[in-house]
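Please work through the following exercises with the sequence and the model at hand. Each task is followed by a solution in steps.

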Amino acid sequence: MSEPKRITLYAAIDSPFPHRVRLALEEAGATYDIIWISLIYNKQEWYEQKVNVGVGKVPYLVYGGPKLNPGDAPSPDSVQVPESLVINEFLADIFPNAGLLPTDPALRAKARLFAQYMDTKFLPAFAGFIFGLGMPVEGLLATIEGVQRMLPAEGFAVGEWSIADAAAMPFFMRLDQVLELNPPTIKEGEAAQVREALDSARFVRIRKYIADNVARPSMAKTWDRDAIDAEFKKRIERLMKTGKVNSDITVPIPAPA
């Protein structure tokens, strides 16, 4: 098999979606370049004009071509892949010996269903809670319980670590962060309610699952709490002033009580 080509990842430090890809790249032992994109205010114009054309979201992965610098357009001969879950499937294919997906078809299907749950169920509850969009405490806890029910008795989402775990962990890391920071978008007392529940016997399995993931070197290499805190605080400040989470997403801000 030929050697993997140059990999360039466009990412934002505070976004959970490129974090998914960085976890997979680290688990694969891949060599890659990162070009950082700001999500807090207007993105660099060249990114939407030359790279993820007309969309401007991260992550975006370029496979092949020469070394890229900010402002460069990727080579038309390179493979260009958007969307974190799609990118991680691509990485599983180009690094077949890295174990990013199990070989058993049933477990591969389970991994994909686990990742799909994170996007279709957990993400709306997570965003609805932390950005003050009306998600009640029990609604968030119910989705976390849904994740817990999908876990095996031991190990990771499908036993051995896989990109299913990369799909989940960036959100659990940020949930822990947000509960500690307790931004003004969360109703008074609700962060403490969620934390108390997560520390209870109801969520013993999910706590072990999170701890096992945090212990992996890939998390240590990709989780910069201080930098992510700083960017998250900027995001909340922008949200409270403008109603925009970042330059792409607008959410309603409830009037003060």
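The exercises below concern a predicted model and proceed from a sheet to a domain contact and then to two backbone features.

**Exercise 1. The sheet**

Task: Establish in what order the strands of the open sheet are arranged, and which strands form its edges.

Solution:
- Step 1. The open sheet consists of four strands, and reading across it gives the order 2-1-3-4.
- Step 2. Strand 2 (33-36) and strand 4 (79-82) each pair on one side only, which identifies them as the edge strands.
- Step 3. The pairing in the sheet is mixed. In general, strands of a sheet pair through backbone hydrogen bonds, either parallel or antiparallel.
- Step 4. An antiparallel pair is found between strand 3 (residues 60-63) and strand 4, with four bridges. Within this pair, valine 62 stands opposite glutamine 80 of strand 4.

**Exercise 2. Helices on the sheet**

Task: Determine which strands helix 1 touches and which strands helix 3 lies across.

Solution:
- Step 1. Helix 1 (residues 16-28) packs on the sheet and touches strand 1 (7-11), strand 2 and strand 3. The direction of helix 1 makes about 150° with that of strand 1.
- Step 2. Helix 3 (residues 84-94) lies across strand 1, strand 3 and strand 4. Relative to strand 4, helix 3 runs at about 135°.

**Exercise 3. The contact between the domains**

Task: Describe the contact between domain 1 and domain 2 by its residues, its buried area and its salt bridges.

Solution:
- Step 1. Fix the bounds: the domain assignment gives domain 1 as 7-94 and domain 2 as 105-243. Their C-alpha centres lie 23 Å apart.
- Step 2. Count the participants: domain 1 contributes 18 residues to the contact and domain 2 contributes 25 residues.
- Step 3. Consider the area. The size of an interface is often given as the accessible area lost when the parts come together. Between domain 1 and domain 2 the buried area is about 2,200 Å², and carbon and sulfur atoms give 61% of it.
- Step 4. Locate the main contributors: Arg20, Glu27 and Ile40 supply 26% of the area that domain 1 buries against domain 2, more than any other three residues.
- Step 5. Count the polar links: five salt bridges and eleven residue pairs in polar contact occur between domain 1 and domain 2.
- Step 6. Assign the elements: helix 1 and helix 3 are those that give two or more residues to the side of domain 1 that touches domain 2. The largest share of that side, nine residues, comes from helix 1.

**Exercise 4. Two salt bridges**

Task: State which residue forms a salt bridge with arginine 20, and which meets aspartate 14 in a salt bridge.

Solution:
- Step 1. The structure holds 15 salt bridges.
- Step 2. The partner of arginine 20 is aspartate 119, with the closest N and O atoms 2.7 Å apart. Arginine 20 lies in helix 1 and aspartate 119 in helix 4 (residues 105-130), so this pair ties together parts that are 99 residues apart in sequence.
- Step 3. The side chain of aspartate 14 meets that of arginine 235 in a salt bridge, at 2.5 Å from N to O.

**Exercise 5. Two backbone features**

Task: Find where the cis peptide bond lies, and which residue other than glycine has a positive phi near 75°.

Solution:
- Step 1. Valine 58 and proline 59 are joined by a cis peptide bond, with omega about 5°. Proline 59 belongs to the loop between helix 2 (45-51) and strand 3.
- Step 2. The positive phi, near 75°, is that of glutamate 83. Glutamate 83 lies in the loop between strand 4 and helix 3.

Definitions and conventions: Residues are numbered from 1 along each chain as its sequence is written. This is a predicted model: local features need pLDDT of at least 70, side-chain atom pairs count only at pLDDT 80 or more; totals for chains, interfaces and linings use all residues. Side-chain values use heavy atoms; hydrogens and water are left out. Two strands pair if DSSP finds at least two bridges between them. Contact means heavy atoms within 4.5 Å. Axes are lines fitted to C-alpha atoms, for helices over the stretch in contact, and angles run from 0 to 180 degrees between N-to-C directions. Domain bounds come from an automatic or database domain assignment. Buried area is the accessible area (1.4 Å probe) that two parts lose on being put together, summed over both. A salt bridge is a side-chain nitrogen of Lys or Arg within 4 Å of a carboxyl oxygen of Asp or Glu. A polar contact is a pair of N or O atoms within 3.5 Å; within protein, one must be able to donate a hydrogen and the other to accept it, and residues adjacent in sequence count only if both atoms are side-chain atoms.
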